[in-house]
Amino acid sequence: MSANVVIVGGGHAGGQAVASLRQGGFDGDITLVTAEQSLPYQRPPLSKAYLAGELPRERLLMRPSAFYEGAGVDVRLGIEVTGLDAGRRSLTLSDGGQLTYDHMILATGGRPRPLPCPGADHPAVHYLRTIADVDAMRPRFVPGACIVIVGAGYIGLEVAAVAIKHGLRPVVLEMAPMVLARVASPEVAGFFENVHRGAGVDLRTGVAASAIEDRDGKAVVVSTAGDRIEADLVVAGVGLLPNVELAQAAGIDCDNGIVVDAFCRASASGVYAVGDCSNHPSRLYGRRLRLESVHNALEQAKTAAADICGKPLAYDQVPWFWSDQYELKLQTAGLSQGYDQVVIRGNMAMRSFAAFYLKDGRLLAVDAVNRPAEFTLAKRWIWDRKAPSPQQLGDDSIEAKALAV
Amino acid sequence: MTKITFIEFNGTERSVDAENGQSLMRSAVDNLVPGIDGDCGGACACATCHCYIEGPLAGKLPEIGEAERSMLEMVEGVTAASRLACQITVSGDLEGLVVRTPQSQH
Ligand SMILES: Cc1cc2nc3c(=O)[nH]c(=O)nc-3n(C[C@H](O)[C@H](O)[C@H](O)COP(=O)(O)OP(=O)(O)OC[C@H]3O[C@@H](n4cnc5c(N)ncnc54)[C@H](O)[C@@H]3O)c2cc1C
Ligand code: FES
């Protein structure tokens, strides 16, 4: 009998694992157990085209249902894995079922961090992670409504942009002194602040929500600045908690995610962890990382599948991410943490520029706004650990093409 | 449905019946065509749907937009025939289209 694989979680990573296992020649049984009611789908449009109502739900699916039938996958929708015995290699399911595995891929992703203030359970308070989340907030996401967005990360800012387009009145509260504080430089953050304010967003930095109160069914957001903002809808985007509890309870090493090696193997034999829930060693940055991006989810799924198929190839990638706000396409590659120099190429006022982050002259990361060529080049430079000089990077009169090293 | 043939860099051919109105990238992904990944889901952000389209039908494709053009500019292996499959909508006009996929996406 050939080995079987159980995949826990059907997001980007779980869905990709199915495809990569079959593409890699795995011919044993595959079971995909996922708590959501949907086949694996794209999350990025949830805060973009799907929220805007421009994309029907069917178009969110990563692959049509015929694909899973063709691949002979036993898909269990709406079922949670509630228990794991890593010694016996067995799983307990929320419907009372049991499964055993030879290989298991944990692709459990994460859940929104709850808003840490009193009153956060008010019915007007919503989070944005799943199709169901968007559908639940939609009745309140209507023209004229006042929406308070707590947290100015990518998701919060994308929601603000869609809200403006839809005729809502968005107020954004960000605890940090600037938007995108965890990821961007003050220069780039300042750019996005100007764009959002210019578009009509009431953006308040250095301000958190200290309580949510109720006034006749509406939420009143009390800010740390002392303001009280009446809101039809509150959307909290204050980070993600990786879903590690299942692994943790089974004694699998976890430390800001499920700890894996370069082949996405967790500390228990036969167990892999991929995507938002996993914490992997990065050769490029010389430290452990837990990333929340589509690219990471897809590539780690491919890595685990390759290992199961007996063709191990270490996960070694330049992280990248994109974000769409208004007519701006932000593409970021690499990780800027620890940079000591920022070089801006292009023109922020023209909304077309790239910010390069360097440390001791080494290129760490790029934030490219409407500059795909620079993004593509920089991704390669970061990988090669070889980049043009800061002077050349900053000289927009040299064509991007000519910068190739 | 429109018949489209994908040819991998190693010459392997695969014909699919693509649904009209969908993107060429979706048709490839839905039919498990190797070499078209579509990581960003068609947001014109990843170029993992890069492909080559030549021949008389190439003239019937939708024009290259600004986002697609600049995304393709520095992609590995770019040629005059390069397109991003996510930016092409399948229609009856494209019956018999031949799409080559680059080696770098395998
Ligand atoms: C609104 C939004 C916008 C985003 N925009 C972008 C973007 O523009 N670009 C980008 O690169 N990334 C973006 N991301 C991030 C990206 O979507 C995630 O990094 C990616 O989806 C992670 O995939 P995953 O498979 O690891 O986890 P998830 O997609 O979270 O999937 C995990 C699945 O596992 C299920 N599950 C969890 N525990 C169990 C269990 N015990 N039993 C059964 N099932 C379980 C969950 O219900 C879920 O369906 C965005 C995310 C969100 C929410
Ligand atoms: S799918 Fe990403 S650019 Fe086409």
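1. Strands first, since several points below lean on them: helices (H or I, at least four residues) and strands (E, at least two) are DSSP runs, numbered from the N terminus. In chain B, strand E1 (2–7) and strand E2 (13–18) each supply at least two residues of the lining of the largest cavity.

2. A quick word on what you're looking at. This is a predicted model, where local features need pLDDT of at least 70, side-chain atom pairs count only at pLDDT 80 or more, and totals for chains, interfaces and linings use all residues. Residues are numbered from 1 along each chain as its sequence is written, chains are lettered from A and ligands numbered from 1 in the order in which they are written, and side-chain values use heavy atoms, with hydrogens and water left out.

3. Back to that cavity. On a 1 Å grid over the protein atoms alone, a cavity is a set of points where a 1.4 Å probe fits but cannot get out, and lining residues have an atom within 4 Å of a point. Grid points are joined across faces, edges and corners, and a volume is the space filled by probe spheres set on the points. The count comes to 1 cavity of 30 Å³ or more, and the largest cavity holds about 30 Å³ of space.

4. Who lines it? The residues are B:Phe6, B:Ile7, B:Glu8, B:Thr12, B:Glu13, B:Arg14, B:Val33 and B:Pro34. Sorted by class, that makes 4 nonpolar, 1 polar and 3 charged residues. (Ala, Val, Leu, Ile, Met, Phe, Trp, Tyr, Cys and Pro count as nonpolar, Asp, Glu, Lys and Arg as charged, and the others, Gly among them, as polar.)

5. Staying in chain B, have a look at the strand pairing; two strands pair if DSSP finds at least two bridges between them. E3(B), residues 50–53, pairs in the antiparallel sense with strand E4 (residues 82–84) over 3 bridges, and there B:His50 has B:Leu84 as its bridge partner. E3(B) also pairs in the antiparallel sense with strand E5 (residues 97–100), over 2 bridges. Opposite B:Val99 of E5(B) stands B:Ile53, and opposite B:Arg100 stands B:Tyr52. On the E1(B) side, E5(B) runs parallel to E1(B), with 4 bridges joining them, and B:Ile7 also stands opposite B:Arg100. B:Ile7 is a name you've met already, as one of the cavity-lining residues.

6. Are the faces of these strands buried or not? Here buried means under 20% relative accessible area, exposed over 50%, and partly exposed in between (1.4 Å probe, protein chains only). E3(B) is covered on both faces, with B:His50 and B:Tyr52 buried on one side and B:Cys51 and B:Ile53 buried on the other. E5(B) alternates instead: B:Leu97 and B:Val99 point to one face and are buried, while B:Val98 and B:Arg100 point to the other and are not.

7. Now the rings. Rings of Phe, Tyr and Trp (its six-membered ring) pair if their centres lie within 6.5 Å; planes under 30 degrees apart count as stacked, over 60 as edge-to-face and the rest as tilted. Over all chains there are 8 aromatic pairs. One of them joins A:Phe67 and A:Tyr68 edge-to-face, at 4.8 Å centre to centre and 75° between the planes. A:Phe67 is buried at 6% relative accessible area, and A:Tyr68 is buried at 2%.

8. Another edge-to-face pair is A:Phe191 with A:Phe353, 4.7 Å centre to centre and 75° between the planes. A:Phe191 lies in helix H5 (residues 186–199) of chain A and A:Phe353 in strand E25 (residues 352–359), so the pair ties together parts 162 residues apart in sequence. Both residues are buried, and ring pairs link them with A:Phe192 into a cluster.

9. Two arginines deserve a glance as well. A charge sits over a ring if NZ of Lys or CZ of Arg is within 6 Å of the ring centre and within 35 degrees of the ring normal. A:Arg63 has its charged end over the ring of A:Phe67, 5.2 Å from the centre, and A:Arg138 does likewise over A:Tyr50, at 4.9 Å.

10. Finally, some backbone oddities. A:Asn370 is not a glycine, yet has a positive phi of about 50°; its place is the loop between strand E26 (362–369) and helix H8 (372–384) of chain A, and at 29% relative accessibility A:Asn370 is partly exposed. B:Cys44, also not a glycine, has a positive phi of about 60°. B:Cys44 sits in the loop between helix H1 (24–30) and E3 of chain B, and is buried at 7%.

Key. On a 1 Å grid over the protein atoms alone, a cavity is a set of points where a 1.4 Å probe fits but cannot get out, and a pocket is an open set with protein on both sides within 12 Å along at least five of seven lines; lining residues have an atom within 4 Å of a point.
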